[in-house]
Amino acid sequence: MSDDDFWQDVRRHVIRYGGTFTPEIIDRAEGSYVYTESGRPILDFTSGQMSAILGHSHPDIVATVRRQVGTLDHLFSGMLSRPVVELSRRLAASVEKAAASALLDGSPAGVSALSDGLTAGGTVLLDGSSAGASGLPGASVSGGPLDKVLLLTTGAEANEAAVRMAKLVTGGHEIVSFAKSWHGMTQAAAAATYSAGRKGYGPNAPGNIAIPTPNAYRPDFTTPDGSHDWRRQLDVAFDLVDAQSVGSLAACLVEPILSSGGVIEPPLGYFAALHRKCRERGMLLILDEAQTGLCRTGAWYAFQRDGVVPDILTLSKTLGAGLPLAAVLTSAEIEERAHDRGYLFYTTHVSDPLVAAVGNTVLDVLERDQLDLRAATLGTRLRNGLLDIQRRHPVVADVRGRGLLQGIELKDEGAGADRIGAAVTRRCLELGLHVNVVQLPGMGGTFRIAPPLTSTDEEIDQGLEILDQAIGDTAQH
Ligand SMILES: Cc1ncc(COP(=O)(O)O)c(C=O)c1O
């Protein structure tokens, strides 16, 4: 079949589900590259859909899939197998270890979080009042280590499960999220997603409330010296939450770094303060670490920077390193209460052994190769290279992010940033680099740069050189 026939079939038979398709037929992928049918390598600076942290077709993952699919692939949803229970135990241990190190490291966030009611074991104590702001029974929950794990398939699904649990446990139904959030395309996840896709699909479940995204580059609340006044922003946000609430607040669902929202990293101290707001109201804090979990930011979990352990943690993309695996983690107490109230989240692929085995191998490789440290080192290299690019090209307005999740924002000059963003993306592809630009109202185009954690120094440098050339070529025209 010719290329023309292929694209004709695409036009005839493929539903357009968002954005435009990359104008290349991809034939295979290995390591940090995807290869077109003609054999042209393209450096994958999006790790597939921000997931393939071990690159493509990592030999250990290939071996696990081959072995596992030939022995135990999929089961009746009520049956358990060793890979599932092993992964549950190991994930709980990894979060506990991360929480302990975050709380003991003496960082400003750690200290404020400690004085904020967290213990070195990662225990989160809610205020113990009988009902929080919702005024309903059952809204007060004391937390604990996130020992309980539910293994699912996608990020949206994990958030769906987390929100259902929070509603059941608190007795509330109102969910608060950032105005530039992305939590997925299923009902509760989409209802808490504000960065795109809200218009035209009819009513959402009532009770979803947006708060402003704390964005230091575009501060909407400033101190007298002009810097970002996130404390006042958060206070005003929760004044508005309280004003809108019908007395049924259940949870805050937030990303530690908003990726699809333009790689926005809330300032240090923000999540401790947000956690306090939740606790005052008997709400649970759900952190969505779809993109930031499993070493991407240079630490096992992004919450480590903030010294804040959530009540519920959702993991997805990076957990399966490109295969469909997601997890919900919570404390034994929250799980117990949910179970007592008949918690139901029964899906076809819950507790599937094939992807659970993959998850175990992902943990093996991350631990063995110390990819948290590698992501921190490579992230510094990437960041320095991006700052160099910013110095050379005035069109680059801001460089931000953490570890191997970085963003560069182009100057917002009306439709200019959109045009340049699209042109740079096209030029990068011609030169052999895949990057993704997010275009949101009120912001310039932001490139999301998230190479695999297994990238070599040379691959990072190659990507930076291409990006530099593409911006230069495009800005001149
Ligand atoms: C932070 C975050 N949460 C959830 C999702 C949804 O994950 P999925 O597409 O696997 O449902 C995404 C996807 O981009 C995401 O970035």
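**Exercise 1.** Work out where Ser 47 is found, and whether Ser 47 counts as buried or exposed.

*Solution.* Start with the element: Ser 47 is found in helix H2 (residues 47-50). Helices (H or I, at least four residues) and strands (E, at least two) are DSSP runs, numbered from the N terminus. A quick word on the source: this is a predicted model, where local features need pLDDT of at least 70, side-chain atom pairs count only at pLDDT 80 or more, and totals for chains, interfaces and linings use all residues. Residues are numbered from 1 along each chain as its sequence is written.

Next, count neighbours. Ser 47 has 29 C-beta neighbours inside 10 Å, so Ser 47 counts as buried (buried takes 20 or more other C-beta atoms within 10 Å of a residue's own, exposed 12 or fewer, partly exposed in between, with C-beta atoms placed from the backbone).

Last, check the backbone. Phi of Ser 47 is near 45°, a positive value in a residue other than glycine. Most residues other than glycine have a negative phi.

**Exercise 2.** Do the same for Ala 321: which loop does Ala 321 lie in, and what is its phi near?

*Solution.* Look between E9 and E10, since that's the loop that holds Ala 321. Its phi is near 50°, again a positive value in a residue other than glycine. With 28 C-beta neighbours inside 10 Å, Ala 321 counts as buried.

**Exercise 3.** Trace the open sheet and find its edge strands.

*Solution.* Seven strands make up the sheet, in the order E4-E10-E9-E8-E7-E5-E6, with mixed pairing (two strands pair if DSSP finds at least two bridges between them). At the edges sit strand E4 (148-152) and strand E6 (208-211), each pairing on one side only.

Now zoom in on E4. Five bridges join E4 to strand E10 (residues 326-330), and the two run antiparallel. Lys 148 has Thr 330 as its bridge partner in E10.

**Exercise 4.** Which helix gives the most to the shell around the ligand, and which residues come nearest?

*Solution.* Helix H6 (residues 155-170) gives the most, with three residues. Of the 14 residues around the ligand, Thr 154, Gly 155, Ala 156, Gly 184 and Ala 290 come nearest (near means that the C-beta atom, placed from the backbone, lies within 6 Å).

Then sort the shell by class: three nonpolar, nine polar and two charged residues. Here Ala, Val, Leu, Ile, Met, Phe, Trp, Tyr, Cys and Pro count as nonpolar, Asp, Glu, Lys and Arg as charged, and the others, Gly among them, as polar.
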